[in-house]
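User: Hi! I have a model open and would like to talk through how it is put together. Could you take me through it?

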Amino acid sequence: MRFRDALAVAPSLVAVIDQCLKTGQPIVRRSVEMSQDMKATHLGVTVSPLAEAADPPGVICLFADLTDVVELEEQLRVKETLARLGELTAGIAHEFRNGLATIHGYSRLLDPQAVPAQYRPYIEGIRQEAEALGQVVTNFLNFARPEQLSLASVDLGRIAQRAADDLHHELPSGTTINMAGDFANIEGDEILLRKVFGNLLRNAAEACEAVGRTPAIVIEGRVDRAHRTCRVSVEDNGPGIPAGQREKVFHPFFTSRSRGTGLGLAIVQKIVLTHQGRVAINTARGGGAAVEMTFRLA
């Protein structure tokens, strides 16, 4: 079998081998990205040509799995970006909040009954918009400021169930949230982790509701004792997230919905990274979105 056919699912690796065959020169420690469906998504490859007399010519490849290294580097880059973002914008956000508080305060002092009827809706509109913008600024400050962790050994399954119970009356009528698989204890901050699951459950329910589906959400845990990790996924039956948007959804203020601030998943990512974990977006088995988080065991 030709190597191009055997490695059809790894075009980046085929390109490296082709280059070595054409030039006859070894390629040392080239980093190549593999398909997201593979267990190892980043490989370090060294390709060396076989003896010149070989017919047909061939190469020998040595591989190193760099997936964990690349993911760790990405986590560090995100943490540094979040830290810089918080420093640059926290002061500006405080100033916005002070101004909004003044506007909202003065609007509360106005008596709607003391003005002509045609102006009363404007007063109410000022109040509502000031409150909404104030909430956006508060959410952004919560996102921008460094998190102070209060670590203890916590059960991820119990925290997920508690978050689901807390949202029982808030989510659309008929919403189902099922727990599946195995969960484990990690060193974490229970309040912040409850916020993570709360944000994910709200996002999942809103995505389903937007396309007219009754939300059916599954929280599934998988424990890997060999690697001392617990992977938790939150899956829904919504429309899913296109592959091209899966990295952008963690950017602050990015949203594909008509309502919402676009901070929910950014806050989720920040909290997970603060817990030395990883978070990624995939496709659920039912076709919706699956947010997968990986934590180290306690």
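**Sheet and cores**

Analyst: Happy to. This is a predicted model, and a good place to start is one bridge: Ser48 has Ile60, in β3, as its bridge partner.

User: Over how many bridges do strand β2 and β3 pair?

Analyst: Strand β2 covers residues 42-49. Its pairing with β3 runs in the antiparallel sense, and the count of bridges is seven.

User: Which strands stand at the edges of the sheet, and why is one side of each left without a neighbour?

Analyst: The sheet is open, with three strands in the order β1-β2-β3 and antiparallel pairing. Each edge strand has a single partner strand, so one side of it has no neighbour in the sheet. The edge strands are β1 (27-33) and β3 (59-65).

User: Which helix packs on the sheet, and what angle does its direction make with that of β1?

Analyst: The helix is α2, residues 11-23. It touches β1, β2 and β3, and its direction makes an angle with that of β1 of about 155°.

User: Now the largest nonpolar core: which helix gives the most to this core?

Analyst: This core holds 45 residues, and Leu156, Phe197 and Met293 touch the most other members. Leaving out residues up to four places away in sequence, Phe197 touches Leu156 and Met293, with Ile159 and Val232 also among its contacts. The helix that gives the most, with eight residues, is α6 (residues 190-210).

User: How many residues are in the second, separate core?

Analyst: Its members include Ala10, Ile17, Val32 and Val47. Ile17 lies within the range of helix α2, residues 11-23. The size of this second core is eleven residues.

Terms used: Residues are numbered from 1 along each chain as its sequence is written. This is a predicted model: local features need pLDDT of at least 70, side-chain atom pairs count only at pLDDT 80 or more; totals for chains, interfaces and linings use all residues. Side-chain values use heavy atoms; hydrogens and water are left out. A nonpolar core is a set of buried Ala, Val, Leu, Ile, Met, Phe, Trp, Tyr and Cys residues joined through side-chain atoms within 4.5 Å. Buried means under 20% relative accessible area, exposed over 50%, partly exposed in between (1.4 Å probe, protein chains only). Helices (H or I, at least four residues) and strands (E, at least two) are DSSP runs, numbered from the N terminus. Contact means heavy atoms within 4.5 Å. Two strands pair if DSSP finds at least two bridges between them. Axes are lines fitted to C-alpha atoms, for helices over the stretch in contact, and angles run from 0 to 180 degrees between N-to-C directions.
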